[in-house]
Amino acid sequence: MVTVMEIYQLLPKTNCKKCGESTCMAFAVSLLGRKKKVVECTPLLEENFKAQKEKLESLLLPSAGAEETGMIVHTELCTGCGNCVVACPVDVANDPHGAGMGCAPTNDKVIFKVVDGKVLASNIKECRRFGKSKVLCYACIDPCPTGAIEFV
Amino acid sequence: MFTCTGCALLCDDIEAIVENNRIKETRNTCRRGSARMKGAMFRLVPSIDQKPADFESSIKKAAEILRNSTSPMLFGLDNSTCEAQVKGIQLAKKINAIMDDTSSFCQGLLIEKILQKKLRTCSLDDIRNKADVLVYWGSDAQDSQPRHLSRFSYFPRGESRQRGYEEDRLAIAIDVRESNTAKICKGHFYRIPLKGDREFILALMEALSGKAPAYDTKNMLGLASILKKAEFGAIFVGIGLTYSIKNDFEILTELADMLPKFNIMPMVGHYNMRGFNEALFKETGFVNRVKFEGKAVHENKYAIIEALKNKSIDALVVVGSDPVLSLPRSVIAHLPSIPVVCIDPCQTFTSKIAAVNIPCAASGVESAGSAVRMDGKVIGLKKIIENNYLTDEDILKRLMEAV
């Protein structure tokens with residue numbers, strides 16, 4: 001996964017404040033948190049930064065399809081075993097007699113569902129990593145042996 | 001709700017969306033089950049000597065092959081319904097055939113011990129509700145039966161295990177490699193050398209009886225103390241352990257006697273292999289490797305591997321199995337020289353060399369019936385889509401009439 005320092009190294013490092021952030025480092029943090037976009041750094045659009053801009057975009061590409069919580073499901077790695085469906089504490093609380101017991105989810109309040117042998121995330125607002133009071137929960141990542149779920 | 005026939009877990013909480021008489025989307029299936037339910041890419045077509053033929057003449061030709069044979073063999077039926085298996089046994093009886101299935105080189109020995117009540121077992125629902133210590137031994141359930149851990153064993157909350165995997169359950173993996181199941185078991189993975197199971201069991205038995213074993217003393221005493229404290233344990237015996245101790249199965253019985261709170265669960269692959277074993281056991285008292293000649297005779301030479309090696313069969317009927325894919329090349333060398341009748345929903349390596357191919361409906365998708373789960377529970381299969389393919393039960397019935 002890409003780090004703040006890797007992003008910072010590719011920025012102009014002039015602290016010009018044109019993006020609205022006070023420093024380039026602050027902009028790098030916002031980029032990583034997907035609060036800002038690469039094009040908001042206007043000096044980076046100039047010709048002499050072309051190579052750096054392209055590299056930065058390729059670094060941030062894997063997180064482009066991420067949910068608001070930063071979750072990415074790598075469907076090519078997912079085997080549809082449903083470990084995450086049953087392990088997710090939100091699924092257990094919202095559907096104790098379905099997903100909580102290992103069976104198929106019985107309502108639509110669950111976060112994870114398996115469709116065509118691949119896991120799909122929905123109801124992302126229920127996720128413990130969502131919003132300002134988020135908790136750094138690892139309940140869906142730990143039981144996945146193939147590493148199909150990632151947070152960026 | 002439908003039943004998935006992808007593996008011996010027979011998950012019966014599947015939803016399927018059908019469009020234009022084809023399954024468009026499956027829900028709650030693993031990737032393996034989804035592929036099985038969505039159907040074959042290459043359907044089998046009726047053929048004689050690899051030339052397309054009509055269905056009726058294929059049946060006639062198959063019956064002729066069986067009539068002319070002096071020592072035919074009926075193999076497979078592990079991916080068929082219980083009803084088809086009963087028909088298969090009746091056919092074998094009628095033509096005095098040798099009968100065997102994949103369990104002769106899989107979990108047959110273990111299922112035989114369980115059916116003879118020499119090993120304690122329990123249901124998967126008991127495991128979900130009560131089990132606190134789970135041992136995956138020579139088995140990669142995560143890959144072979146993908147929903148095993150999430151649906152029955154490690155992750156779900158059960159009646160007496162309300163905190164599920166977080167606090168109430170402990171999973172242990174014993175394997176020769178760090179499989180995906182072992183990755184989930186994290187701190188409780190015991191890596192053993194190839195064919196090291198026997199030595200491991202002996203050391204574990206020493207540790208359980210209070211002695212300090214010479215083999216890996218510290219880990220072994222730790223494992224023994226975990227197993228002793230278990231309130232309700234389960235040992236999931238995979239094919240790794242079965243192959244490793246094949247010549248000396250009593251050692252597992254001895255270990256089970258030392259662990260009175262543990263149950264043995266065979267990790268079956270094909271969805272109705274246990275069903276076949278139970279049906280044949282009920283009929284003859286043996287689970288596989290049987291020859292019908294007035295009465296049923298059970299000998300090792302009637303296993304498909306031995307029969308092909310010794311060239312003792314002169315015709316082979318394969319139902320829902322693929323011996324060309326699963327057996328070593330040295331064993332199947334005899335196969336092209338004898339007539340093979342292949343009954344299957346889709347094209348297989350065996351169908352490519354078969355003298356007669358008869359397509360059938362995919363059970364659990366295109367035909368209904370019942371099947372036996374890996375723990376012995378009978379689960380009903382429903383028909384999802386309609387088509388004109390005959391079930392393997394009907395084909396075996398027609399074959400029996402024509403012979």
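Two strands are taken to pair when DSSP finds at least two bridges between them, and in this predicted model a small piece of chain A offers a convenient place to begin. Strand β2 (residues 112-115) and strand β3 (residues 118-121) of chain A run antiparallel and are joined by four bridges, and within this ladder A:K113 has A:L120 of β3(A) as its bridge partner. The hairpin formed by β2(A) and β3(A) has two residues between the strands, and there A:D116 takes a positive phi near 55°.

A positive phi also occurs elsewhere in chain A, at A:K13, where the value is near 60° in a residue other than glycine. A:K13 belongs to the loop between α1 (4-10) and α2 (24-32) of chain A. Because 13 other C-beta atoms lie within 10 Å of its own, A:K13 is partly exposed.

From chain A the description passes to the contact with chain B, to which chain B contributes 26 residues and chain A contributes 23 residues. On the side of chain B that touches chain A, two or more residues come from each of β2 (22-27), α1 (31-38), α7 (148-151) and α9 (180-185) of chain B. Of these elements, α1(B) gives the most, with four residues. Sorted by class, the residues on this side of chain B comprise nine nonpolar, eight polar and nine charged.

Helix α1(B) can also be followed into chain B itself, since its buried residues are B:R32, B:G33, B:S34, B:R36 and B:M37, and these buried residues pack against β1 (15-19) and β2 of chain B. After α1(B) comes B:G39, whose phi is positive, near 95°.

Another of the elements on the side facing chain A, α9 of chain B, contains B:T181. B:T181 counts as buried because 26 C-beta neighbours lie inside 10 Å, whereas 20 or more are enough for that class. Once its neighbours within four places in sequence are left aside, the contacts of B:T181 are with B:Y136, B:D140, B:A141, B:Q142 and B:A173. B:A84, by comparison, is 97 residues from B:T181 in sequence and 34 Å from it in space, C-alpha to C-alpha.

The next feature is a sheet of chain B. Five strands form an open sheet in the order β9-β8-β7-β10-β11, with parallel pairing. At the edges stand β9 (189-191) and β11 (262-266) of chain B, each with a single partner strand, so that one side of each is left without a neighbour in the sheet. On average, and with direction ignored, neighbouring strands of this sheet are turned by 15° against each other. Within the sheet, strand β7 (residues 133-137) and strand β8 (residues 170-175) of chain B pair in the parallel sense over five bridges, and one of the pairings sets B:V133 opposite B:L170, its bridge partner in β8(B).

Two pairs of helices in chain B show how the packing is arranged. In one pair, helix α4 (residues 108-115) and helix α14 (residues 273-284) of chain B pack at an angle of about 55°, with their axes 11 Å apart, and α4(B) and α14(B) are therefore oblique to each other. The crossing in which α4(B) passes α14(B) is right-handed. Here B:G108, B:I111 and B:L115 of α4(B) make the contact with B:R274, B:N277, B:E278 and B:F281 of α14(B), a set that divides into three nonpolar, two polar and two charged residues.

In the other pair, α10(B) and helix α13 (residues 250-258) of chain B pack at an angle of about 25°, with their axes 10 Å apart, which makes α10(B) roughly parallel to α13(B), angles under 35 degrees being counted in that way. The crossing of these two helices, α10(B) and α13(B), is left-handed. From α10(B), the residues B:R198, B:I201, B:L204, B:M205 and B:L208 meet B:I251, B:E254, B:L255 and B:M258 in α13(B), and by class this contact holds seven nonpolar, no polar and two charged residues.

Beyond α10(B), the loop between α10 (197-208) and α11 (217-229) of chain B includes B:D216. The phi of B:D216 is near 45°, a positive value in a residue other than glycine. B:D216 is partly exposed because 17 other C-beta atoms lie within 10 Å.

Key:
Residues are numbered from 1 along each chain as its sequence is written. Chains are lettered from A and ligands numbered from 1 in the order in which they are written. This is a predicted model: local features need pLDDT of at least 70, side-chain atom pairs count only at pLDDT 80 or more; totals for chains, interfaces and linings use all residues. A residue is buried if 20 or more other C-beta atoms lie within 10 Å of its own, exposed if 12 or fewer, and partly exposed in between; C-beta atoms are placed from the backbone. Two residues are in contact if their C-beta atoms, placed from the backbone, lie within 7 Å. Ala, Val, Leu, Ile, Met, Phe, Trp, Tyr, Cys and Pro count as nonpolar, Asp, Glu, Lys and Arg as charged, and the others, Gly among them, as polar. Axes are lines fitted to C-alpha atoms, for helices over the stretch in contact, and angles run from 0 to 180 degrees between N-to-C directions. Angles under 35 degrees count as roughly parallel, over 145 as roughly antiparallel, 65 to 115 as roughly perpendicular and the rest as oblique. A crossing is left-handed if the near helix is turned anticlockwise from the far one by less than a right angle, and right-handed if clockwise.
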